[in-house]
Amino acid sequence: MAHEPLTPEEVLLEGFLALDTPEGFRAELIEGKIVVTPPPDGDHEDYIELVLAQVYEKSRSRMQFSGHKGLKLQSGGGCPKDHVIPDGTFAPRTLRLYRGKGSWMPCDGVAMVLEVTSSKPNADREAKRRCYARGGIPLYLLVDREASSVTLFMDPDKDDYREHCTRPFGKPVTLPEPFSFELDTADFL
């Protein structure tokens, strides 16, 4: 039985899904490029915990959190679907969004993703921002360690977010529904 030849996009996706990354590393397929990231440093994880603790304590809606959950998102151009692993993914607890899902899941129901910059901050600032907007994720919170700022991107539209609010570390950032609280960044200093 003859098989249809694979397109370059299908070959890329199959190669990506077959990767066996070293322990602690993570591989992502972002806008047609395979990106491998080493394990994060302690400061990176500290920022995630500072955000997570406030979401659990202050959020109007109870949230579920997943650290490093694989999301399948719409891609731009002729690329295969983006496979992105945010530092943090938040969804309303009532959805039980992560239950029964495999390593990679669609982003339907995700309320917010969190990224903390590391050695390649432009991926978080640009490519991942576009990926999350294309996926329709309502909120993208970026903790930019190099710029000492926090940016909340809102209102996704096609390849980007229509609104954003950037505050320096030490100034609060208002998280809208379903969170409805001011994220205190004083401890980020």
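**Figure 1. Lining of the second largest pocket in the predicted model.** The residues that line this pocket are I30, E31, K33, V35, K120, N122, A123 and A127. The volume of the second largest pocket is about 150 Å³. Strand 2 and helix 3 each contribute at least two residues to its lining, and helix 3 gives the most, with 3 residues. Sorted by class, the lining comprises 4 nonpolar, 1 polar and 3 charged residues.

**Figure 2. The largest pocket and the residues closest to its centre.** About 340 Å³ of space lies in the largest pocket. A total of 23 residues line this pocket, and R26, T37, P38, S118 and S119 are the closest to its centre. Two or more lining residues come from each of strand 1 (26–30), strand 2 (33–37), strand 8 and helix 3. The lining of the largest pocket divides into 8 nonpolar, 6 polar and 9 charged residues.

**Figure 3. The open sheet and its edge strands.** The sheet is built from 6 strands in the order 3-6-8-9-10-11, with mixed pairing. Strand 3 (63–66) and strand 11 (160–168) stand at the edges with a single partner strand each, so one side of each is left without a neighbour in the sheet. From one strand to the next, the twist averages 20°.

**Figure 4. Helix 3 packed on the sheet.** Helix 3, formed by residues 121–134, touches strand 8 (112–116), strand 9 (139–144), strand 10 and strand 11. The direction of helix 3 makes about 170° with that of strand 9. Helix 3 also supplies two or more residues to the lining of the largest pocket and 3 residues to that of the second largest pocket.

**Figure 5. The hairpin of strand 10 and strand 11.** Strand 10 (residues 149–157) pairs with strand 11 in the antiparallel sense over 8 bridges. Among the bridge partners, Y161 of strand 11 is matched with P156, and D160 of strand 11 with D157. The hairpin has 2 residues between the strands. In this hairpin, K158 takes a positive phi near 55°. Strand 11 is also one of the edge strands of the sheet, and both strand 10 and strand 11 are touched by helix 3.

Methods:
Residues numbered from 1 in each chain as written. Predicted model: local features only at pLDDT ≥ 70, side-chain atom pairs only at ≥ 80, totals over all residues. Heavy atoms only, no water. Pairing = 2+ DSSP bridges. Helix = DSSP H or I, 4+ residues; strand = E, 2+ residues; numbered from the N terminus. Axes fitted to C-alpha atoms, helices over the stretch in contact; angles between N-to-C directions. Contact = heavy atoms within 4.5 Å. 1 Å grid on protein atoms, 1.4 Å probe; cavity = no way out; pocket = protein on both sides within 12 Å on 5 of 7 lines; lining within 4 Å. Points joined across faces, edges and corners; volume = space filled by probe spheres on them. Nonpolar A, V, L, I, M, F, W, Y, C, P; charged D, E, K, R; others polar.
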